[in-house]
Amino acid sequence: QFEEIARIYWNKGYAIHVHVTGDLGLELAIDTLEKLQFEKPRFNHGFTLEHFGLSTPEQVFRLSKLGANISANAYYLYELSNIYANYSVGYERASSMARIGSCFREGVTTGLHSDFTMAPAQPLMSMWVAVNRINEKEEVMSPEERITPQQGLEAITINAARILGLDHEIGSIRSGKKADFTVLSQDPLAIDPIEIKDINIEATVFEGKIFDIN
């Protein structure tokens, strides 16, 4: 059923976003994308996996070759990995939730989302989790899947805009784009990464107008 529905949207040129949290569901989505690409090749097709909970390195490799995007929810690693490790899928699988480091290494366009209201709409918190991979019990989970602060900032800005197909309007500060950005109290690329989530928002600029948070 999934393949039949996906084929309709694929053949009409839509960017397909698939909500998936388990690695078996991810395998189905990848197999379907591979089949659709064989039947009707498309470039810059925007096929995106949303949430991206459990996965394998092999699946990430396949996604990179098929030109897929990842919109991951890193916050669930913070909130749920300890529970999953002890009461569900086991430590090895739970610790590798949101396998974002592998995505960047394989060249997959990867963004971060909050899944608000299921998780807080705080981009810097999502960035902090992806960079440090520390859960609520203060355990470091799969440190090899950490990303750099620069990659974390890209994930909540320009990469997220690319996944939405809006990178020509938002996602970076450049002449010709919308003047929408946030003024922070500290540079997230210059401070200790463990402090990223504690950066204060001083103001926002929306369409050229300044809104002072204080």
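Guide: Helices here are DSSP runs of H or I with at least four residues, strands are runs of E with at least two, and both are numbered from the N terminus. The model is a predicted one.

Visitor: In which loop is Glu138 found, and is it buried or exposed?
Guide: Glu138 has a positive phi of about 65° although it is not a glycine. Most residues other than glycine have a negative phi. Glu138 lies in the loop between H7 and H8. Exposed means over 50% relative accessible area, and at 70% relative accessibility Glu138 counts as exposed.

Visitor: Ser142 is found in the loop between H7 and H8; is it buried or exposed?
Guide: Phi of Ser142 is near 45°, a positive value in a residue other than glycine. The cut-off for burial is under 20% relative accessible area. Ser142 has 8% relative accessibility, so it counts as buried.

Visitor: Which residue follows H7, and what is the value of its phi?
Guide: H7 is helix 123-132. The residue that follows H7 is Arg133, with a positive phi near 55°.

Visitor: How many of the ten residues of H7 are buried?
Guide: The buried residues are Leu124, Met125, Ser126, Met127, Trp128, Val129, Ala130, Val131 and Asn132. They pack against H4, H6, strand E4 (109-112), helix H8 (149-155) and strand E5 (181-184). H7 is thus mostly covered, and the number of buried residues is nine.

Visitor: Which element gives the most to the largest nonpolar core?
Guide: This core holds 48 residues, of which Leu49, Phe52, Leu63, Ile70, Ile100 and Leu112 touch the most other members. Elements that each supply at least two of its residues include helix H1 (2-11), strand E1 (17-20), helix H2 (23-39) and helix H3 (57-66). With seven residues, the element that gives the most is H7.

Visitor: How far apart in space are the C-alpha atoms of Val20 and Phe52?
Guide: Beyond its neighbours within four places in sequence, Phe52 is in contact with Val20, Leu26, Val60, Leu63, Ile70, Ala72, Ala98, Arg99 and Cys103. Val20, for its part, touches Gly25, Leu26, Leu49, Glu50, His51, Phe52 and Gly53, not counting residues up to four places away in sequence. Val20 and Phe52 are 32 residues apart in sequence, and their C-alpha separation is 5.9 Å.

Visitor: Is Val20, in strand E1, buried or exposed?
Guide: A residue is buried under 20% relative accessible area. Val20 has 7% relative accessibility, so it counts as buried.

Visitor: Asp23 is in helix H2; what is its relative accessible area?
Guide: Leaving aside neighbours within four places in sequence, Asp23 is in contact with Leu54, Ser55, Gln59 and Arg93. The partly exposed class runs between 20% and 50%. Asp23 is partly exposed, with a relative accessible area of 21%.

Visitor: What separates the C-alpha atoms of Asp23 and Gln59 in space?
Guide: Asp23 in H2 and Gln59 in H3 both take part in the meeting of these helices. The two residues are 36 residues apart along the chain, and their C-alpha atoms are separated by 8.5 Å.

Visitor: Is H2 roughly parallel or roughly antiparallel to H3?
Guide: The two helices pack at an angle of about 25°, with their axes 11 Å apart. Angles under 35 degrees count as roughly parallel. Therefore H2 and H3 are roughly parallel.

Visitor: What is the handedness of the crossing of H2 with H3?
Guide: On the H2 side are Asp23, Leu26, Glu27, Ile30, Asp31, Leu33, Glu34 and Gln37, which meet Gln59, Arg62, Leu63 and Leu66 in H3. By class, this contact has five nonpolar, two polar and five charged residues. The crossing is left-handed.

Visitor: Is the crossing of H1 past H2 left-handed or right-handed?
Guide: H1 and H2 pack at an angle of about 45°, with their axes 10 Å apart, which means that H1 is oblique to H2. From H1, Phe2, Glu3, Ala6, Arg7 and Trp10 meet a set of H2 residues that includes Leu28, Ala29, Thr32 and Leu33. This contact has seven nonpolar, two polar and four charged residues. The crossing is right-handed.

Visitor: Which two residues does a cis peptide bond join, and what is omega?
Guide: Most peptide bonds are trans. Thr117, in the loop between E4 and H7, takes part in a cis one. The bond joins Phe116 and Thr117, with omega about 20°.

Terms used: Residues numbered from 1 in each chain as written. Predicted model: local features only at pLDDT ≥ 70, side-chain atom pairs only at ≥ 80, totals over all residues. Heavy atoms only, no water. Core = buried A, V, L, I, M, F, W, Y, C linked by side-chain atoms within 4.5 Å. Buried < 20%, exposed > 50% of the residue type's maximum accessible area, 1.4 Å probe, protein only. Contact = heavy atoms within 4.5 Å. Axes fitted to C-alpha atoms, helices over the stretch in contact; angles between N-to-C directions. Parallel < 35°, antiparallel > 145°, perpendicular 65-115°, else oblique. Left-handed = near helix turned anticlockwise from the far one by under 90°. Nonpolar A, V, L, I, M, F, W, Y, C, P; charged D, E, K, R; others polar.
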